[in-house]
Amino acid sequence: KKNKNNPYQMIVDIDGIGFKTADKIALNLGFNEDDPHRMKAAIVATMNEIIMGSGNSFCKKEQILSYMYKSFPFFDEIQFDDFVVELIKDRLIYLENEDYYPIQQYDAEKGIASFLANFPYVLGDFVEKVELDILLNELEEHFSITYEEKQKKAIETFFENPFSIITGGPGTGKTTIVRAIIA
């Protein structure tokens with residue numbers, strides 16, 4: 001019943017249902033193109049698209065409005081501000097300073113920050129640089145590879161700090177670095 005009154009609620013309630021699917025259903029049910037449920041769902045979908053494309057966990061109002069104006073020519077900034085108030089109240093987005101977060105991204109970012117702030121760091125015996133160089137040379141022979149300088153620096157950094165995050169796109173050597181650290 002809840003979804004019949006607002007098919008866009010399926011986006012929140014059912015994993016795998018996106019804006020396009022819910023929108024098609026809603027429009028077939030006779031929802032207007034400027035229906036507030038549709039516009040709010042479009043704002044959240046737009047925010048998700050922007051952050052997934054940018055790698056950020058938030059986006060700016062100008063980015064959202066730019067996309068909304070292109071996709072929904074009748075949309076205006078006054079509507080946006082009113083919808084944002086409702087979306088915040090519905091706990092679908094979060095506004096901090098001038099950063100607009102889809103709520104899942106905001107909660108994830110805060111959760112990770114809290115985890116890291118409370119992480120029980122244990123300082124152990126770290127490998128000396130000379131010893132690490134010797135070990136890396138042995139690993140290069142054993143695995144028949146040559147570590148790039150960036151990879152060597154990442155491995156050194158791991159042993160110099162009580163906590164490290166290894167990031168990078170596909171094929172940048174993350175697995176190779178982790179294999180060396182474990183070995």
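Is Phe-72 buried or exposed, and what is its relative accessible area? In this predicted model, Phe-72 has a relative accessible area of 7%. Buried means under 20%, so Phe-72 counts as buried.

## A cluster of rings

Let us stay with Phe-72 for a moment and look at its neighbour in the ring pairs. The ring centres of Phe-72 and Phe-74 lie 6.3 Å apart, and their planes meet at 65 degrees, so this pair is edge-to-face. Phe-74 has 34% relative accessibility and therefore counts as partly exposed.

Searching the whole structure turns up 11 aromatic pairs. One of them joins Tyr-8 and Phe-19: with 6.0 Å between the ring centres and 25 degrees between the planes, the pair is stacked because planes under 30 degrees apart count that way. Tyr-8 sits in the loop between α1 (2-5) and α2 (9-13), while Phe-19 belongs to helix α3, so to speak a link between distant parts of the chain, 11 residues apart. Tyr-8 and Phe-19 are both buried. Ring pairs bring Tyr-8, Phe-19, Phe-31, Phe-72 and Phe-74 together in a cluster.

## Two nonpolar cores

In soluble globular proteins, nonpolar side chains tend to be buried together. Here, the largest nonpolar core holds 26 residues. Ile-43, Ile-64, Phe-75, Phe-80 and Tyr-100 are the ones with the most contacts inside this core. Two or more residues each come from α3 (19-28), α4 (36-54), α5 (61-71) and α6 (77-89). Helix α4 gives the largest share, eight residues.

Tyr-100 is a good place to look around. Leaving aside residues up to four places away in sequence, Tyr-100 touches Met-47, Phe-58, Ile-64, Phe-80 and Val-84, among others. A second core, separate from the largest one, has nine residues, including Leu-139, Ile-155, Ala-180 and Ile-181.

## A hairpin

Tyr-100 also belongs to strand β2 (residues 99-102). Strand β1 (residues 93-96) runs antiparallel to β2, and four bridges join the two. One bridge pairs Glu-96 with Asp-99 in β2. Together β1 and β2 make a hairpin with two residues between the strands, and Asn-97 in the turn has a positive phi of about 55 degrees.

In a regular strand the side chains alternate between the two faces of the sheet. Both faces of β2 are covered: Asp-99 and Tyr-101 are buried on one side, and Tyr-100 and Pro-102 are buried on the other.

## Helix α9 and its two sides

Further along the chain is helix α9. This helix (residues 149-160) has 12 residues and reaches 16 Å from its first C-alpha to its last, close to the 16 Å expected at 1.5 Å a residue. Gln-151, Lys-152, Ile-155, Glu-156 and Phe-159 are its buried residues. Seen down the helix axis, the buried residues of α9 fall within an arc of 135 degrees, so they line one face. An α-helix has 3.6 residues a turn, so residues three or four places apart point the same way.

The cover over these buried residues includes α8 (129-143) and α10 (174-182). On the other side of α9, Glu-149 and Lys-150 are exposed.

## An exposed lysine

Last comes Lys-24, which is found in helix α3. Its relative accessibility is 59%, and because exposed means over 50%, Lys-24 counts as exposed. Lys-24 and Ser-164 lie 140 residues apart along the chain, and 45 Å separates their C-alpha atoms.

Technical notes: Residues are numbered from 1 along each chain as its sequence is written. This is a predicted model: local features need pLDDT of at least 70, side-chain atom pairs count only at pLDDT 80 or more; totals for chains, interfaces and linings use all residues. Side-chain values use heavy atoms; hydrogens and water are left out. A nonpolar core is a set of buried Ala, Val, Leu, Ile, Met, Phe, Trp, Tyr and Cys residues joined through side-chain atoms within 4.5 Å. Buried means under 20% relative accessible area, exposed over 50%, partly exposed in between (1.4 Å probe, protein chains only). Contact means heavy atoms within 4.5 Å. Two strands pair if DSSP finds at least two bridges between them. The expected span of a helix is 1.5 Å times one less than its number of residues. The arc is that of the directions from the helix axis to the C-beta atoms. Rings of Phe, Tyr and Trp (its six-membered ring) pair if their centres lie within 6.5 Å; planes under 30 degrees apart count as stacked, over 60 as edge-to-face and the rest as tilted.
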